[in-house]
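Got a few minutes to work through a protein model by hand? Here are some exercises with solutions, best done with the viewer open.

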Number of protein chains: 4
Amino acid sequence: MNVINIAIIGGTGYTGVELLRLLAQHPKARVQAISSRAEAGRPVADLYPNLRGHYDLKFSHPDEGDFGRIDIVFFATPHGVAQSTVKSVLDKGARVIDLSADFRIRDIETWETWYAQDHQCPELVPEAVYGLPEVNRDEIKSAKLLACPGCYPTSIQLGLKPLLEIGGLINTQTIVANSASGATGAGRQANVDTLFTEVGDSFKPYAVGGHRHLPEIEQGLSDIAQSNVSLTFVPHLLPVNRGILSTIYVDLLDHSPTDFQALYEKAFENEYFVDVLPAGCQPSLRSVRGTNFCRISVVRPQGRDKLVITAVEDNLTKGASGQAIQNMNIMCGLDEYLGLNLVALMP
Amino acid sequence: MNVINIAIIGGTGYTGVELLRLLAQHPKARVQAISSRAEAGRPVADLYPNLRGHYDLKFSHPDEGDFGRIDIVFFATPHGVAQSTVKSVLDKGARVIDLSADFRIRDIETWETWYAQDHQCPELVPEAVYGLPEVNRDEIKSAKLLACPGCYPTSIQLGLKPLLEIGGLINTQTIVANSASGATGAGRQANVDTLFTEVGDSFKPYAVGGHRHLPEIEQGLSDIAQSNVSLTFVPHLLPVNRGILSTIYVDLLDHSPTDFQALYEKAFENEYFVDVLPAGCQPSLRSVRGTNFCRISVVRPQGRDKLVITAVEDNLTKGASGQAIQNMNIMCGLDEYLGLNLVALMP
Amino acid sequence: MNVINIAIIGGTGYTGVELLRLLAQHPKARVQAISSRAEAGRPVADLYPNLRGHYDLKFSHPDEGDFGRIDIVFFATPHGVAQSTVKSVLDKGARVIDLSADFRIRDIETWETWYAQDHQCPELVPEAVYGLPEVNRDEIKSAKLLACPGCYPTSIQLGLKPLLEIGGLINTQTIVANSASGATGAGRQANVDTLFTEVGDSFKPYAVGGHRHLPEIEQGLSDIAQSNVSLTFVPHLLPVNRGILSTIYVDLLDHSPTDFQALYEKAFENEYFVDVLPAGCQPSLRSVRGTNFCRISVVRPQGRDKLVITAVEDNLTKGASGQAIQNMNIMCGLDEYLGLNLVALMP
Amino acid sequence: MNVINIAIIGGTGYTGVELLRLLAQHPKARVQAISSRAEAGRPVADLYPNLRGHYDLKFSHPDEGDFGRIDIVFFATPHGVAQSTVKSVLDKGARVIDLSADFRIRDIETWETWYAQDHQCPELVPEAVYGLPEVNRDEIKSAKLLACPGCYPTSIQLGLKPLLEIGGLINTQTIVANSASGATGAGRQANVDTLFTEVGDSFKPYAVGGHRHLPEIEQGLSDIAQSNVSLTFVPHLLPVNRGILSTIYVDLLDHSPTDFQALYEKAFENEYFVDVLPAGCQPSLRSVRGTNFCRISVVRPQGRDKLVITAVEDNLTKGASGQAIQNMNIMCGLDEYLGLNLVALMP
């Protein structure tokens with residue numbers, strides 16, 4: 001494939017602009033169209049000045065546009081939108097990468113409970129491939145409809161994969177994931193709760209009683225473990241723009257002195273985007289900012305029976321748009337890291 | 001007592017300036033002297049412009065100063081300093097409130113291991129009273145040498161007290177405390193790691209293998225439970241100046257549907273500085289900034305067998321200088337909240 | 001006057017909660033009512049958790065409430081609201097302190113041009129007293145309707161007063177005021193432009209072509225100078241919550257070596273809330289955070305013919321609610337600093 | 001030239017890591033050596049985790065290293081270092097790009113006054129080329145010793161160039177440049193004044209009496225105007241990591257209604273890295289973060305006789321390491337934007 005022709009549906013949000021930032025630097029990608037009902041007709045560089053000089057594109061109306069020549073359609077829409085239009089896009093021959101939650105959860109009833117709406121397209125859910133390349137790269141290659149994982153779920157699944165794919169190491173019913181995310185996770189909606197004046201200089205937990213990502217995470221972890229996994233998950237809101245840190249606590253079953261550092265290094269030795277830090281180092285948000293890397297550390301404090309795993313990612317990149325492009329690369333037979341080998345801004 | 005005459009030893013750090021801020025607004029306190037080896041002779045308002053108009057005081061040399069007329073001496077010094085001079089101060093008749101870790105841990109060997117130095121005054125350790133008023137107010141009243149609790153330990157002990165003082169509710173061996181602190185917790189030392197450019201726009205765990213506050217927390221929790229308590233404690237560094245949030249995870253032993261909200265409200269109903277939030281609310285750092293309050297929430301997600309407690313405080317106030325003054329009020333027979341009934345700055 | 005009975009109209013915004021924070025710590029103030037159309041019936045401490053334990057008050061509907069027993073009514077409403085209701089409040093005998101722009105500008109046409117609406121109560125404009133105590137304290141004492149100055153105008157008028165009240169010192173036609181404000185200046189409206197994700201980690205000018213505060217500033221400066229003053233004013237948005245710094249540049253007319261430091265110290269020697277810093281010191285936002293102080297510095301770089309004045313204030317305190325209470329104290333014959341002698345939070 | 005072999009002297013500071021970040025993504029650059037006296041032997045990715053996976057390089061001792069095969073040597077050292085070693089590097093045949101101030105100012109006495117040290121290599125100063133490509137691209141092409149401009153000077157010279165290169169438009173003696181910089185401008189030295197706890201949540205001017213960049217800016221502006229230019233320059237410290245915004249005020253001499261928007265667009269129409277925003281738009285720091293762009297806006301408020309120019313850049317990129325690489329590209333006959341066509345991270 002010489003050039004990948006791309007359309008983005010719903011491009012005014014932060015995952016939309018992040019797709020545009022990354023695709024501008026991708027040698028094989030050509031963004032042919034980007035839609036927005038509200039901003040139709042407006043140049044994208046007008047809404048996002050960082051794109052000035054990189055794109056001449058204007059937002060188009062979602063109902064317009066000829067998808068015949070499009071290879072990949074990214075949905076960067078709110079939950080509930082992709083499910084009503086994906087079918088017609090697939091029928092025109094394009095492959096779909098959906099960044100929303102619409103096709104992540106296999107159990108329709110669970111999805112409807114957590115997202116508080118009826119699912120408009122349950123028949124396509126079984127065909128959707130969950131796009132976490134480090135877990136199911138093979139199925140991704142031929143996916144027609146790819147469900148890109150959520151931001152929190154990516155960090156937690158990568159953080160636990162080495163422990164869960166080997167049975168009997170940890171208690172799979174008592175896992176705790178304490179996560180903190182930058183404010184871009186809340187999107188670009190006008191909302192008093194996410195004003196600078198409300199988020200700045202503060203820190204707080206939210207959705208302690210239950211967050212929508214919980215069923216997705218438990219499904220993913222159970223798939224890896226091939227048995228039921230139960231998790232306590234508490235997200236927090238950080239006064240930074242980008243980044244997720246998940247601090248994960250597990251109870252060890254096997255109390256023998258396993259070399260977890262070696263286990264993790266081995267598990268990810270062929271993964272370009274997963275970086276197991278040397279023993280004694282802890283990952284920081286800024287070490288992955290703007291990149292598709294997930295950096296992971298594993299510690300057994302005082303040799304006791306809890307293991308602490310910390311995993312960082314950029315929620316807009318590996319947690320959303322970067323992972324979407326990583327999936328695109330796999331689906332199109334390109335090098336997985338093409339256009340994604342960026343260096344994090346530091347400081 | 002009409003007026004409390006006060007001296008502060010080591011006043012250039014952040015707990016020093018916080019003592020000065022609070023004492024300037026205390027109706028019974030008169031700061032007679034504040035010492036600093038490095039800044040002797042310099043007006044305090046020159047180093048801390050927020051004090052302009054509130055103090056005429058200059059820093060004095062620690063070896064000077066007549067402690068005969070002093071009622072209370074606060075030590076706002078690095079660990080290891082108070083233990084070499086406390087004795088002479090006590091001999092002159094003043095009572096001591098030590099904000100450092102020197103007298104917090106009863107087991108000398110444990111202290112020496114975690115603080116990597118010999119203890120200079122082990123004979124006074126048994127006399128020192130641990131100054132967490134919500135736990136041992138009665139002993140504080142008559143204390144001559146008071147050891148003010150650490151910042152992380154305060155939030156975690158308050159967060160767990162209602163559960164631990166009743167036996168059999170939770171597994172005391174599997175508690176997790178995931179804490180995050182503002183950068184003032186690292187003090188005012190010139191250090192590359194705490195530059196704005198290193199802390200800003202980031203977030204990271206530290207001391208995952210073991211933090212000095214761990215033995216203090218375990219000692220305090222074990223005292224409350226009257227049995228051994230074991231904890232996994234992971235601190236994180238937030239890009240904010242002030243505040244600590246501890247998110248605490250415990251395994252319930254008694255699986256019957258206890259009303260934990262009621263348990264917490266009852267446990268703290270007479271505590272001025274502990275505020276149990278209504279069910280459904282979560283505390284934020286900024287709701288306590290600059291104040292001596294600790295706000296707490298308790299949730300049992302999905303009715304499963306983990307309980308999640310969140311507790312916030314200002315690390316410089318309830319976590320250090322505010323609690324020191326609360327202790328002073330108790331020791332001097334004043335209303336516990338005198339000079340401390342401040343309203344948090346918001347936003 | 002033993003106790004001042006107070007009502008606040010429109011209390012859900014940031015100037016409203018700042019009034020509540022300050023009045024909670026004021027020994028003579030009793031807030032009897034606070035209204036909000038949107039939040040009527042809700043406890044104020046529910047919306048603003050920092051007020052928990054300090055107020056039992058609920059928001060009332062603006063149309064309810066008996067103003068017979070009220071001494072002072074604060075309007076903390078958007079521009080355009082006070083002008084339609086002030087008359088009825090005054091008729092009931094209460095005095096009004098309006099924090100909005102409704103009565104700040106004497107020329108009705110100018111007001112209507114900059115605020116893009118018709119003025120509903122032009123007949124009361126001549127009676128309104130402009131509430132900058134350091135400029136017209138005497139008229140404030142007997143004011144029935146007080147127009148509290150804007151945040152930017154306060155810092156710029158205080159910064160220039162010593163130069164303008166003496167004729168012939170500076171060119172009054174070429175003044176530049178380069179100001180930067182924290183995000184609370186934009187209020188608490190849901191708005192994409194003031195999301196954390198839009199303001200954080202950035203800095204930008206706005207309203208360069210003309211900001212609503214320009215006519216107010218020029219009117220105030222002209223009053224001080226007793227001649228026409230012209231100003232170039234450019235505001236900027238800072239990624240902090242609170243604070244305004246105005247950096248003011250003036251062309252000196254008299255090129256003799258005036259001692260501007262002495263001039264400024266003399267001009268403000270009796271002002272409790274204006275602090276002229278020692279030569280060589282520059283003010284920082286945080287040195288006034290949460291307080292009613294304005295700190296000022298004056299420098300003549302390289303002895304050339306420009307003078308640089310820098311002035312900081314907290315935009316919500318001296319720039320709004322604190323100044324409103326300072327005015328209330330003056331109007332009620334109390335010590336001007338009563339309840340306002342707070343120490344800034346630092347760091 | 002197929003590959004440019006590069007050495008970096010003094011690579012532990014923020015301009016060093018920024019060079020490494022940018023050069024990692026440059027298709028023709030190969031970093032052969034990077035020196036640091038303090039960190040010799042340590043892998044660069046150990047000090048800067050964002051470089052993990054991008055470099056295998058270790059810091060070398062500055063006295064070691066064979067410069068025979070090196071084409072370009074970057075000095076990312078503190079002021080005063082390059083001047084003592086540049087000569088020997090040039091003798092070995094490499095070309096030098098100095099990011100420090102050592103060779104920026106032609107008048108030795110002026111340099112010695114402002115930098116408070118003797119110049120060690122005055123004989124090379126006349127040969128040094130000032131590396132602001134938008135002003136003197138032609139001389140840069142053949143430079144052996146290139147003096148990279150300071151961060152503030154870059155933004156101010158670009159902001160004023162269109163006005164100064166045409167005579168008679170503005171008063172060249174009354175220009176004001178009000179600049180604000182992120183904290184990376186202060187470097188990576190351990191220093192109480194640049195701790196997170198001192199810079200965060202604040203804003204303040206500094207060096208109001210005179211900043212070292214003043215003589216460099218006045219020299220540069222005078223070169224452009226071909227006559228003496230005098231400037232009042234006040235820098236401020238922003239609580240962000242990266243970015244400079246200069247707000248520039250000039251007095252118009254020609255009061256006829258010149259179309260300054262057109263003038264600016266024309267002046268920079270062929271400049272890849274200078275972006276004149278459409279009328280009505282103002283630049284923000286974040287629109288250039290991590291990139292080599294300078295975005296500029298020009299406004300004449302109310303049609304009066306002051307013109308306001310605002311210019312933003314990333315102080316570490318266009319203000320330092322990015323501009324250094326832009327110069328390298330020019331010196332090596334490559335496309336000026338090679339490896340530098342990055343899209344800013346937003347948000």
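Contact, in these exercises, means heavy atoms within 4.5 Å. One caution before starting: this is a predicted model.

**Exercise 1. Work out how many residues chain A and chain B each bring to their contact, and how much area they bury.**

Step 1. Apply the contact cut-off to the pair: 45 residues come from chain A and 45 residues from chain B.

Step 2. Now the area. Between them, chain A and chain B bury about 3,700 Å². Carbon and sulfur atoms account for 57% of that.

Step 3. Look for charge pairs. A salt bridge needs a side-chain nitrogen of Lys or Arg within 4 Å of a carboxyl oxygen of Asp or Glu. Between chain A and chain B the count is six. One to click on is Arg289(A) with Asp201(B), at 2.3 Å from N to O.

Step 4. Widen the search to polar contacts, and 24 residue pairs turn up across the interface of chain A and chain B, both residues at pLDDT 80 or more.

Step 5. Ask which elements of chain A supply at least two residues to the side that touches chain B. They are strand 8 (175-181), helix 7 (196-199), strand 9 (204-205), helix 8 (213-225), strand 10 (231-237), strand 11 (244-251) and strand 14 (306-313).

Step 6. Sort that side of chain A by residue type: 21 nonpolar, 15 polar and nine charged.

**Exercise 2. Now take chain C and chain D: find how many salt bridges there are between them, and what area is buried.**

Step 1. Start with the contact, which takes 45 residues from chain C and 45 residues from chain D.

Step 2. The buried area comes to about 3,700 Å², with 57% from carbon and sulfur atoms.

Step 3. Count the salt bridges between chain C and chain D and you get six. Among them is Arg286(C) with Glu198(D), where N and O sit 2.7 Å apart.

Step 4. Polar contacts link 24 residue pairs across the interface of chain C and chain D, again with both at pLDDT 80 or more.

Step 5. On the chain C side, the residues split into 21 nonpolar, 15 polar and nine charged.

**Exercise 3. Trace the seven-stranded sheet of chain C and say which strands stand at its edges.**

Step 1. Write down the strand order: 9-10-8-11-14-13-12, an open sheet with mixed pairing.

Step 2. Check the ends. Strand 9 and strand 12 (274-276) of chain C each have a single partner strand, so one side of each has no neighbour in the sheet.

Step 3. Pick a pair from inside the order. Strand 8 and strand 11 of chain C run antiparallel and are joined by six bridges. To get your bearings, find Ser181(C), which stands opposite Ile244(C) in strand 11.

Step 4. Add the helix. Helix 6 (residues 151-164) of chain C lies across strands 8, 10, 11, 12, 13 (294-299) and 14, at about 40 degrees to strand 11.

**Exercise 4. In the sheet of chain D, find how many bridges pair strand 9 with strand 10, and in which sense they run.**

Step 1. Lay out the sheet: it is open, has seven strands in the order 9-10-8-11-14-13-12, and its pairing is mixed.

Step 2. Strand 9 (204-205) and strand 12 (274-276) are the edge strands of chain D, each pairing on one side only.

Step 3. Strand 9 and strand 10 (residues 231-237) of chain D pair over two bridges in the antiparallel sense. Within that pairing, Lys204(D) stands opposite Leu237(D).

**Exercise 5. Hunt for the backbone oddities at Pro347(B), Pro347(D) and Ala116(D).**

Step 1. Go to the bond from Met346(B) to Pro347(B): the peptide is cis, with omega near 0 degrees. Pro347(B) is in the segment after helix 10 (317-331) of chain B.

Step 2. Do likewise in chain D, where the bond from Met346(D) to Pro347(D) is cis with omega near 5 degrees. Pro347(D) falls in the segment after helix 10 (317-331) of chain D.

Step 3. Check phi at Ala116(D). It is positive, about 55 degrees, although this residue is not a glycine. Ala116(D) sits in the loop between helix 4 (108-115) and strand 6 (129-130) of chain D.

**Exercise 6. Count the salt bridges over all chains, then follow the one from Arg137(A).**

Step 1. The total comes to 84.

Step 2. Arg137(A) pairs with Glu336(A), the closest N and O atoms being 2.8 Å apart.

Step 3. Place the two ends: Arg137(A) is in helix 5 (residues 133-141), and Glu336(A) is in the segment after helix 10 (317-331) of chain A. The pair links distant parts of the chain, 199 residues apart.

How values were computed:
Residues are numbered from 1 along each chain as its sequence is written. Chains are lettered from A and ligands numbered from 1 in the order in which they are written. This is a predicted model: local features need pLDDT of at least 70, side-chain atom pairs count only at pLDDT 80 or more; totals for chains, interfaces and linings use all residues. Side-chain values use heavy atoms; hydrogens and water are left out. Buried area is the accessible area (1.4 Å probe) that two parts lose on being put together, summed over both. A polar contact is a pair of N or O atoms within 3.5 Å; within protein, one must be able to donate a hydrogen and the other to accept it, and residues adjacent in sequence count only if both atoms are side-chain atoms. Ala, Val, Leu, Ile, Met, Phe, Trp, Tyr, Cys and Pro count as nonpolar, Asp, Glu, Lys and Arg as charged, and the others, Gly among them, as polar. Helices (H or I, at least four residues) and strands (E, at least two) are DSSP runs, numbered from the N terminus. Two strands pair if DSSP finds at least two bridges between them. Axes are lines fitted to C-alpha atoms, for helices over the stretch in contact, and angles run from 0 to 180 degrees between N-to-C directions.
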